[in-house]
Amino acid sequence: MEAFTEDQLEILAARVDAQLLVLQRSQPVGFTPTDAKQVRDLAKFQRDAIAQATGDNPDDILKRVRQAAHRNLCQPGGILYQQWHKWKGISAKDALKIFGGILVGMGFGGTVLQIVAVAVVVYVLHLGAEAFCHEG
């Protein structure tokens with residue numbers, strides 16, 4: 001069973017794209033973060049959304065998501081791993097499908113699922129798959 005309908009995926013992917021655009025525009029030209037803290041600071045909106053929607057520490061949620069997504073995103077053979085290494089990017093829709101399923105498995109549903117899924121996908125796509133996989 002899919003976490004989102006096709007219509008929901010379209011809407012959520014548009015939200016992901018809009019938030020990524022805001023993050024990209026907030027960075028100085030040529031900026032490349034030197035550590036995960038800089039990315040966390042830039043992705044404050046997403047981290048705040050996770051905290052507000054779940055009532056939990058976003059670091060704890062992201063750690064749990066990272067552990068659950070490890071095989072799919074961080075190891076050869078995973079769908080998102082293959083996309084990342086082939087095109088150096090992951091589509092928002094594909095990421096929402098994978099992370100939506102992971103978040104459902106973690107017990108999230110309804111509006112909270114949508115908020116957290118968008119925030120997590122923006123965070124991962126902004127940080128980059130390799131950095132997300134190795135962030136501690």
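Among contacts between residues at least 6 apart in sequence, what share joins residues at least 24 apart? In this predicted model, that share comes to 65%. Keep that in mind as we walk through the chain.

Let's start with the overall plan. The protein has eight helices and zero strands, so to read it from the N terminus on, you just follow α-α-α-α-α-α-α-α. There are 136 residues in the protein, and 43% of them count as buried.

Now for the inside. The largest nonpolar core has 43 residues, and the members that touch the most others are Val-16, Leu-73 and Phe-99. Several elements chip in with two or more residues each: helix H1 (6-26), helix H3 (44-54), helix H4 (58-74), helix H5 (79-87), helix H6 (92-105), helix H7 (110-127) and helix H8 (129-134). H7 gives the most, with 12 residues.

Zoom in on Phe-99 and you can see what such a core member is up against. Leaving aside residues up to four places away in sequence, Phe-99 touches Val-65, Ala-69, Leu-73, Leu-80, Val-120, Val-121 and Val-124. One of these partners, Leu-73, is also on the list of core residues that touch the most other members.

Next, look at how two of the helices pack. Two packed helices are described by the angle between their axes and the distance between the axes. For H3 and H7, the axes come within 9 Å and cross at roughly 155°. An angle over 145 degrees counts as roughly antiparallel, and H3 and H7 are therefore roughly antiparallel to each other. Their crossing is left-handed. By class, the contact of H3 with H7 has 10 nonpolar, two polar and one charged residues. On the H3 side you'll find Gln-46, Arg-47, Ala-49, Ile-50, Ala-53 and Thr-54, and these meet Val-112, Ile-115, Val-116, Ala-119, Val-120, Val-122 and Tyr-123 in H7. Val-120 may ring a bell: Phe-99 touches Val-120 as well.

Finally, is Arg-66 buried or exposed? This residue sits in helix H4. Buried means under 20% relative accessible area, and Arg-66 has 10% relative accessibility, so Arg-66 counts as buried. Who are its neighbours? Not counting residues up to four places away in sequence, Arg-66 touches Phe-132, Cys-133 and Glu-135. Arg-66 and Glu-135 are 69 residues apart along the chain, yet their C-alpha atoms are separated by 8.8 Å.

Methods. Residues are numbered from 1 along each chain as its sequence is written. This is a predicted model: local features need pLDDT of at least 70, side-chain atom pairs count only at pLDDT 80 or more; totals for chains, interfaces and linings use all residues. Side-chain values use heavy atoms; hydrogens and water are left out. A nonpolar core is a set of buried Ala, Val, Leu, Ile, Met, Phe, Trp, Tyr and Cys residues joined through side-chain atoms within 4.5 Å. Buried means under 20% relative accessible area, exposed over 50%, partly exposed in between (1.4 Å probe, protein chains only). Helices (H or I, at least four residues) and strands (E, at least two) are DSSP runs, numbered from the N terminus. Contact means heavy atoms within 4.5 Å. Axes are lines fitted to C-alpha atoms, for helices over the stretch in contact, and angles run from 0 to 180 degrees between N-to-C directions. Angles under 35 degrees count as roughly parallel, over 145 as roughly antiparallel, 65 to 115 as roughly perpendicular and the rest as oblique. A crossing is left-handed if the near helix is turned anticlockwise from the far one by less than a right angle, and right-handed if clockwise. Ala, Val, Leu, Ile, Met, Phe, Trp, Tyr, Cys and Pro count as nonpolar, Asp, Glu, Lys and Arg as charged, and the others, Gly among them, as polar.
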